[in-house]
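Trainee: I am new to this structure and would be grateful for a guided reading. May I put my questions to you one at a time?

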Amino acid sequence: MKAVVVDKDYGSVTAEELQTVQAAYAAVGIELELRHFTTEDEIISGCAGAMAILGTGNPPITRRVMEALPELKFVQRFGAGVNSIDLTAAAELGKIVLNLPGFCAKELADLATAMILGLVRNTCYYDREIRRGKWPKCQYFLPGDVREMTLGLYGFGGAGRYLHDIFRGGFGTKVIACDPYVSPEIRAAYPDVEFVEFDSLLEKSDIISIHVILTPETTHVFNEAAFRKMKSTAMIINTSRGPVIDQRALAWALETGEIRYAGLDTVEQEPIRADDPLLKLDNVILSPHSGSYGAGAKKTQITMVCELLPRAVQTGEVPARNVANRDILNRAVGFRFV
């Protein structure tokens, strides 16, 4: 059996980690090839005969790709996001898309916390200015008190709930959330969280932290109209997917004072363009899409990837919680969803 990592040089998984996955696959008779493709045609050509495609990043697994690979049974992501995979086509074609929901939820909450406090306390600004030979003592934005702020969570999944615990439990910060998909059980478990509509989130929040997947519904949901509704002192943090924010509108909002701060682990085009106006702004913290980078998340990530496909091959079982294209769960595809 053949499987192919199609983007080994993406940067989120090391060569040593990929070798660990190779060894786990070899133990059950799967030969894992490590390749790096950038186009649909390259993936189609390089994955002929493969029963699985693995993506360390966001390779283009489109309908065309999957239709051209009839022996393909699985698409395995090394993360939670599946926005570059056509989930509808995968379900229709009988391909199972696997991801790792929640594997780095704590790390994303930690990074959001670091960005929030770094922006509030001007830490990156002061560091940059000192390195330039300046000493801006008690200058720049007057730091507010996070204990008196309202933290708005756009998405109340694992990372959002961890961030709630940090700020509500650690600082006593008021927390509100916008998430129409959160279950009644989760709502009941967080009686201190006020669940609001999107416009209320924009208007009431001093800090908005984004914790959603990229869908047509969430793409550019933070646009010029949204920024106009936010407080002029507000902060936006994005550790989810870059296109949730209209980046041009964000630069405008920051430059004109519609909002005050931004912390971004993801941007619309990665790496960020050298001429992007965000690079010139002191009220912005940027991170190179590394929110999942952490000892705990790494261990979970590689362990899960080493186990999911080998388990399917050996037992015919696929954990339903790891199936991203949910429409396939009720279809007969030769595997049992457990």
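Trainee: In which loop does Y140 have its place?

Mentor: The model before us is predicted. Y140 has a phi near 70°, a positive value in a residue other than glycine. Most residues other than glycine have a negative phi. As for its place, Y140 belongs to the loop between helix 6 and strand 6.

Trainee: What is omega, about, for the peptide bond that joins E270 and P271?

Mentor: Most peptide bonds are trans. P271 has its place in the loop between strand 11 and strand 12. The bond joining E270 and P271 is cis, and its omega is about -5°.

Trainee: Which residue meets R131 in a salt bridge?

Mentor: Side chains of opposite charge can pair when their charged atoms come close. A search of the whole structure finds 21 salt bridges. R131 lies in helix 6 (residues 123-131), and its partner lies in that helix too, four residues apart, about one turn of the helix. At 2.8 Å, N to O, the partner in the salt bridge is D127.

Trainee: Which strands stand at the edges of the open sheet of five strands?

Mentor: The five strands form an open sheet in the order 2-1-3-4-5, with parallel pairing. An edge strand has a single partner strand, so one side of it is left without a neighbour in the sheet. The strands in that position are strand 2 (31-34) and strand 5 (96-98).

Trainee: Which residue of strand 4 does I53 stand opposite?

Mentor: Strands of a sheet pair through backbone hydrogen bonds, either parallel or antiparallel. Strand 3 (residues 52-55) and strand 4 (residues 74-77) pair in the parallel sense over four bridges. In strand 4, the residue opposite I53 is V75.

Trainee: About what angle does the direction of helix 12 make with that of strand 4?

Mentor: Helix 1 packs on this sheet, touching strand 1 (2-5), strand 2 and strand 3, and its direction makes about 160° with that of strand 2. Helix 12 also packs on the sheet, where it touches strand 3, strand 4 and strand 5. Its direction makes with that of strand 4 an angle of about 165°.

Trainee: Is helix 1 roughly parallel or roughly antiparallel to helix 12?

Mentor: Two packed helices are described by the angle between their axes and the distance between the axes. Helix 1 (residues 15-26) and helix 12 (residues 295-315) have axes 9 Å apart and pack at an angle of about 25°. Because angles under 35 degrees count as roughly parallel, helix 1 is, with respect to helix 12, roughly parallel.

Trainee: How many residues of the contact of helix 1 with helix 12 are nonpolar?

Mentor: Helix 1 passes helix 12 in a right-handed crossing. On the side of helix 1 the contact is made by E17, T20, V21, A24 and Y25, and on the side of helix 12 by K298, I302, V305, C306, L309 and P310. Of these residues two are charged, one is polar, and the number of nonpolar ones is eight.

Trainee: Which are the edge strands of the open sheet of seven strands?

Mentor: This sheet has the order 8-7-6-9-10-11-12, and its pairing is parallel. Each edge strand pairs on one side only. The edge strands are strand 8 (194-195) and strand 12 (284-286).

Trainee: Which residue of strand 9 is the bridge partner of Y154?

Mentor: Strand 6 (residues 150-154) and strand 9 (residues 207-210) pair over four bridges in the parallel sense. Within strand 9, Y154 has as its bridge partner I210.

Trainee: About what angle does the direction of helix 7 make with that of strand 6?

Mentor: Helix 7 (residues 158-170) packs on the sheet. It touches strand 6, strand 7 (174-178) and strand 9. The angle between the direction of helix 7 and that of strand 6 is about 175°.

Trainee: What is the orientation of helix 5 relative to helix 7?

Mentor: The axes of helix 5 (residues 105-120) and helix 7 come within 8 Å and cross at roughly 50°. Helix 5 passes helix 7 in a right-handed crossing. The crossing angle makes the orientation of helix 5 to helix 7 oblique.

Note on methods
Residues numbered from 1 in each chain as written. Predicted model: local features only at pLDDT ≥ 70, side-chain atom pairs only at ≥ 80, totals over all residues. Heavy atoms only, no water. Axes fitted to C-alpha atoms, helices over the stretch in contact; angles between N-to-C directions. Helix = DSSP H or I, 4+ residues; strand = E, 2+ residues; numbered from the N terminus. Parallel < 35°, antiparallel > 145°, perpendicular 65-115°, else oblique. Left-handed = near helix turned anticlockwise from the far one by under 90°. Contact = heavy atoms within 4.5 Å. Nonpolar A, V, L, I, M, F, W, Y, C, P; charged D, E, K, R; others polar. Pairing = 2+ DSSP bridges. Salt bridge = Lys/Arg side-chain N within 4 Å of Asp/Glu carboxyl O.
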